Amino acid sequence: IIPGMSKNEQAAYMVIDKKLEMDLVPITVSRTLDGRKGSLQLYVTDLDKAAFHDYPIQFSFFDDLIGNADRHSDNIISVAGKPIAIDHGLAFSKVRGVGKFRNNLQEQLDKFENATTQSERALAASSIKYLMPSRKSFEKLRNVSAQEWQKDLSDYLPRENIKQFLQRREEILELVEKAERKIGKDIYPDG
């Protein structure tokens with residue numbers, strides 16, 4: 001466990017990942033051993049290191065949601081060809097880089113709104129579609145209430161971290177819903 005990190009924080013990321021059905025985080029569970037709380041995470045040896053250029057855009061959405069500014073090639077592994085996010089030690093941090101998904105989406109929305117030609121609008125719309133999480137993950141994010149998130153995360157995260165998570169969730173919901181209104185419901189990569 002990283003100093004300053006909640007002993008169950010890694011399990012919280014698994015809860016978020018599973019609720020959104022993203023399947024990006026290794027299996028992680030909360031356990032108490034010898035009276036000490038912590039988390040256990042599936043550890044596998046002989047894995048391929050995922051190429052950073054194969055970094056799924058879904059990670060940007062997930063990392064922004066959990067406030068992780070530390071996604072790079074050393075914390076993406078490949079299991080049977082599927083990229084998996086590991087090392088969420090800087091999640092909920094105040095480190096530069098948090099908000100990348102929101103910043104990129106806002107930038108593309110601005111380009112869409114300020115476009116003077118149809119081709120500029122089409123390029124911005126295409127860029128927005130590239131940035132989007134799956135429709136299923138976004139709908140899960142939208143449909144799980146703040147109260148349900150608080151209940152599900154309260155065993156794993158300090159109150160302040162849950163508050164930060166819910167604030168980022170609201171900002172993401174507002175931006176994606178704005179994109180839906182401007183461009184249409186077909187902005188998701190999976191239709």
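This passage describes the fold, the confidence, the helix packing and selected residues of a predicted model.

The protein chain contains seven helices and five strands, and from the N terminus on its elements follow the order α-β-β-β-α-β-β-α-α-α-α-α. Of its 191 residues, 46% count as buried, while the accessible surface of the chain comes to about 10,400 Å², with 50% of that area belonging to carbon and sulfur atoms. When contacts between residues at least 6 apart in sequence are considered, 69% of them join residues that are at least 24 apart.

Confidence varies along the model. The average pLDDT of the protein chain is 82, and 82% of the residues score at least 70. The lowest confidence is found in strand β3 (residues 48-49), where the mean is 58, and the highest in helix α6 (residues 146-153), where the value reaches 96. Over residues 1-5 the pLDDT stays under 50, and for this segment the model has eight contacts beyond four places in sequence.

The largest nonpolar core comprises 45 residues, among which I16, L105, W149, L153 and V176 touch the most other members. Two or more residues are given to this core by each of α1 (9-19), α2, α3 (100-114), α4 (118-131), α5, α6 and α7, and the greatest contribution is that of α7, with eight residues. For L153, one of the residues that touch the most other core members, the contacts outside its neighbours within four places in sequence are with A12, V15, I16, I162 and F165.

Two of the helices that contribute to this core, α4 and α5, were examined for the distribution of their buried residues. Helix α4 has 14 residues and extends 20 Å from its first C-alpha to its last, close to the 20 Å expected at 1.5 Å a residue. Its buried residues are A124, A125, I128 and L131, and because these cover an arc of only 120° around the axis, they are placed on the same side of α4. Residues Q118, S119, L123 and Y130 are exposed on the other side of the helix, whereas the buried residues of α4 pack against α2, α3 and α7. An α-helix has 3.6 residues a turn, so residues three or four places apart point the same way.

In helix α5 (residues 135-143), the buried residues are S137, F138 and L141. Seen down the axis of α5, these residues fall within an arc of 95°, and they therefore line one face of the helix. The partners against which the buried residues of α5 pack are α2, α6 and α7.

Individual charged residues were then considered in their structural context. D17 lies in helix α1 and has a relative accessible area of 0%, which is under the 20% limit, so D17 counts as buried. Apart from residues up to four places away in sequence, D17 touches M22, D23, L24, V25 and F62. E180 is located in helix α7 (residues 159-183) and is likewise classed as buried, because its relative accessible area of 7% is under 20%. With residues up to four places away in sequence not counted, the residues that E180 touches are F138, E139, R142, K185, I187 and Y188; of these, F138 is among the buried residues of α5.

Helix α7 also holds E171, for which the relative accessible area is 29%; since this value lies between the 20% and 50% limits, E171 is partly exposed. E171 and R102 are separated by 69 residues in sequence, yet their C-alpha atoms are 7.8 Å apart in space.

Outside the helices, H72 is found in the loop between α2 (57-66) and β4 (76-79). With a relative accessible area of 29%, H72 is partly exposed. The sequence separation between H72 and A85 is 13 residues, and the two are 9.5 Å apart in space, C-alpha to C-alpha.

Definitions and conventions:
Residues are numbered from 1 along each chain as its sequence is written. This is a predicted model: local features need pLDDT of at least 70, side-chain atom pairs count only at pLDDT 80 or more; totals for chains, interfaces and linings use all residues. Side-chain values use heavy atoms; hydrogens and water are left out. Helices (H or I, at least four residues) and strands (E, at least two) are DSSP runs, numbered from the N terminus. Buried means under 20% relative accessible area, exposed over 50%, partly exposed in between (1.4 Å probe, protein chains only). Contact means heavy atoms within 4.5 Å. Accessible areas come from the Shrake-Rupley method with a 1.4 Å probe; for residues, only the protein chains shown count as cover. pLDDT is the predictor's confidence in each residue, from 0 to 100. The arc is that of the directions from the helix axis to the C-beta atoms. A nonpolar core is a set of buried Ala, Val, Leu, Ile, Met, Phe, Trp, Tyr and Cys residues joined through side-chain atoms within 4.5 Å. The expected span of a helix is 1.5 Å times one less than its number of residues.
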